[in-house]
Amino acid sequence: NLIGTSNADFPSEDPGMYQLDVTLRKGQNLAARDRGGTSDPYVKFKLGGKEVFRSKTIHKNLNPVWEEKALILIDSLREPLYIKVFDYDFGLQDDFIGSAFLDLTSLELNRSTHVTLSLKDPHYPDHDLGSILLSVLLAPREEQREATMLMRKSWKRSSKKNYDVLPNMPSRTANMELRIYSPSNCVLMTFGNFFEFNKTCVFIFPKFQTQSLRLSDLHRKSQLWRGIVSVTLIEGRELKAMDANGLSDPYVKFRLGHQKYKSKIVPKTLNPQWREQFDFHLYEEQGGIIDITVWDKDAGKKDDFIGRCQIDLSTLSKEQTHKLEVPLEEGEGCLVLLVTLTASAAVTISDLSVNSLEDQKERAEILKRYSPMAMFGDMKDVGFLQVKVIRAEALMAADVIGKASFSKSDPFCVVELNNDRLLTHTVYKNLNPEWNKIFTFNIKDIHSVLEVTVYDEDRDRSADFLGKVAIPLLSIQNGEQKAYVLKNKQLTGPTKGVIYLEIDVIFNAVKASIRTLMPKEQKYIEEENRLSKQLLSRNFRRMKRSMMVLLNAACYISSCFNWESPPRSLAAFLLFLFVVWNFELYMIPLALLLLLAWNYFLIVAEKDNRQHDTVVEDMLEDEEEDDRDDKESEKKGFMDKIYAIQEVCVTVQNALDEVASFGERIKNTFNWTVPFLSWLAIVALSVFTVILYFIPLRYIVLVWGINKFTKKLRSPYAIDNNELLDFLSRVPSDVQLV
């Protein structure tokens, strides 16, 4: 009777029990952050240190009206909702206007409340920065209400039925718990698991199964998926033109059940390149159908329909990446996609029980397939890679509920090899997850890098990055279980946690060597490039180091010509005469071979003086500079930001001018821009042609070398020059012509 009549509310300590409906109404008298006395405000909601909502930007308005709604799932009412307002600045860091917070414990359940929050800035507490108006409604979460009603109905219907009470049953195994509480918050029943009251535990199984179908619906609503579908939108080909200029501004919409995604818009093209990746949760074992529609973006009016297509997932094999070229129905052209189906561990046994390389028969077949005798097979099938993702330890806590002691993460692992991308299942609320999953890949290029990335799953937003490792296939030692320290996104330094992997690589060396001389496979999923002063400076330093090697070599040769060290110059002169007089073409690869052998000798003898850490130091320096820039950006004014960008761009601008001018001067020499210089070039080229025709090249090089070596002896005060560059400096570039 106590169970049947209990209608107690769920305790606030249980995570995910509430939802907050927020309507962002408007802002009043916001602070001006732009030079025109206005702002371009937008609002961010943050909960537990993570962004859960971002509004649209209202341009040039200090009293913006948004009227935007957001549904936020609440893990703990003790965690306040932070509201931050920013001024959008195109191409620069957005300016902070003000912030406020909403105390969720002050809200009444199931009652709509209008809230006015005054914005504050910790650095300027006395300034009036305006206010934000919200409408909020705190309520129990929909899924929990449905679960409660289902449980109550089930127990009321079953109160007249008999039950089998089975003692000594194994521990609970269900993935979802539905609980009914007494007024004292004592657990009275956990559906599918056990009955607990007065510290007595018995297992109860009703003789009827009428609630099994509804339970599967609850599983679906609780995001207990059976697999993951990873879709990479690569490109479109020969799409239908929808605009008057004969082009389109296409974008793509995906739909699988209630899940929807939208790609970016690629303007003015019929062959768009997207290179975007989307993940869907698969709830049905037999698969599903992904509906895809292509649209043309039209500003100010309804978008035009270009075409549609479908992907039947039941026809695709799991744990494999499929490249599909799908023609569009009701339109023209096709879409190129990569589709990967990964089974969820919710319906599979640990994959460590199925190990291809531990089965001696299968291992022998794999070794035979990639033996040297099989080198004339498929050249794209270079080798076999097996990755055991065992566990991780001491991961970073991405989700914080209440106090720090309740910090947790919901980690899952993504294993990537070029364009093949597979995922593990998610281990919920665990900083030391065990996956025990095995992945196998066909190796197409032995020079590929295996990337293993750990993410924290967030049900209502994109996953949070926890750490990453990148392992070149050629550096793998087979069969060794290793603990790899997780690194940051740039792989320049460690982050928190380690991951345990065991990797095996079997490949055909002959095929791998031949594939090395073929074009490298293009990676479809890559981050978009963005303008960065630090990245620009780092690349400039890299180029400078490469140029300095050549410059130092040129200076060394020049010092020999100038007889700065007479013994060295004399030795170089005699070596030059000997090499030129006896030169044959085979000496070029021989010299490179000797250089490789010499460097190998230095490495073996541990006398290698290569600067391994130079680039890493630069990258770490850039990260520190990024942090300094973030801290100083609030203090910098508009003109300071402009000067910072200008300082970086001037160097690049001058370098581009030099390169462009050099090419234009060569072009203008041959198109008779300055007839005198063109006639002079004709005379010089005619003389060179006659000399090369009648005199062997060996003698010409000897004469040139003797002249260079003896020039400083004959004329100690002569100025060094390059006749060809001196000639081109007289030819005007296109800019100079104008």
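Biologist: What makes the pair formed by the backbone nitrogen of His 447 and the side chain of Asp 445 a polar contact?

Modeller: The backbone nitrogen of His 447 lies 3.0 Å from a polar atom of the Asp 445 side chain, and this fits the rule because a polar contact is a pair of N or O atoms within 3.5 Å (within protein, one must be able to donate a hydrogen and the other to accept it, and residues adjacent in sequence count only if both atoms are side-chain atoms). This is a predicted model, in which local features need pLDDT of at least 70 and side-chain atom pairs count only at pLDDT 80 or more, while totals for chains, interfaces and linings use all residues. Residues are numbered from 1 along each chain as its sequence is written, and side-chain values use heavy atoms, with hydrogens and water left out.

Biologist: Where is Asp 445 placed, and why is Asp 445 said to have no salt bridge?

Modeller: Asp 445 sits in the loop between β25 (434–443) and β26 (449–456), where strands are DSSP runs of E with at least two residues and helices are runs of H or I with at least four, numbered from the N terminus. A salt bridge needs a side-chain nitrogen of Lys or Arg within 4 Å of a carboxyl oxygen of Asp or Glu, and the nearest side chain of opposite charge to the buried Asp 445, that of Arg 515, is 5.8 Å away, so Asp 445 has no salt bridge. Leaving aside neighbours within four places in sequence, Asp 445 is in contact (heavy atoms within 4.5 Å) with Leu 473 and Lys 520.

Biologist: How do you know that the buried residues of α5 line one face of the helix?

Modeller: In α5 (residues 509–516), Lys 511, Ala 512 and Arg 515 are buried. Seen down the axis of α5, the buried residues fall within an arc of 100°, judged from the directions from the helix axis to the C-beta atoms, so they line one face. What covers them includes β29 (494–507), and at the start of α5 a side-chain oxygen of Asn 508 reaches to within 2.9 Å of the backbone nitrogen of Val 510.

Biologist: Why is Arg 421 called buried or exposed?

Modeller: Arg 421, in strand β24 (residues 420–423), has a relative accessible area of 11%, and because buried means under 20%, exposed over 50% and partly exposed in between (1.4 Å probe, protein chains only), Arg 421 counts as buried.

Biologist: What makes Glu 67 and Arg 25 a salt bridge?

Modeller: Their closest N and O atoms are 2.7 Å apart, so the pair meets the salt-bridge rule. Glu 67 lies in β4 (residues 65–74) and Arg 25 in β1 (residues 18–28), so the pair ties together parts that are 42 residues apart in sequence. Glu 67, at 45% relative accessibility, is partly exposed, and Arg 25, with 29%, is partly exposed.

Biologist: How many salt bridges does the count come to, and which residues are linked with Glu 235 in a network?

Modeller: The count comes to 11, and Glu 235, Arg 237 and Glu 325 are linked in a network. Arg 237 and Glu 325 have their closest N and O atoms 3.3 Å apart; Arg 237 is in β14 (residues 227–237) and Glu 325 in β20 (residues 321–327), 88 residues apart.

Methods: Lys and Arg count as positive and Asp and Glu as negative; His and the chain ends are not counted.
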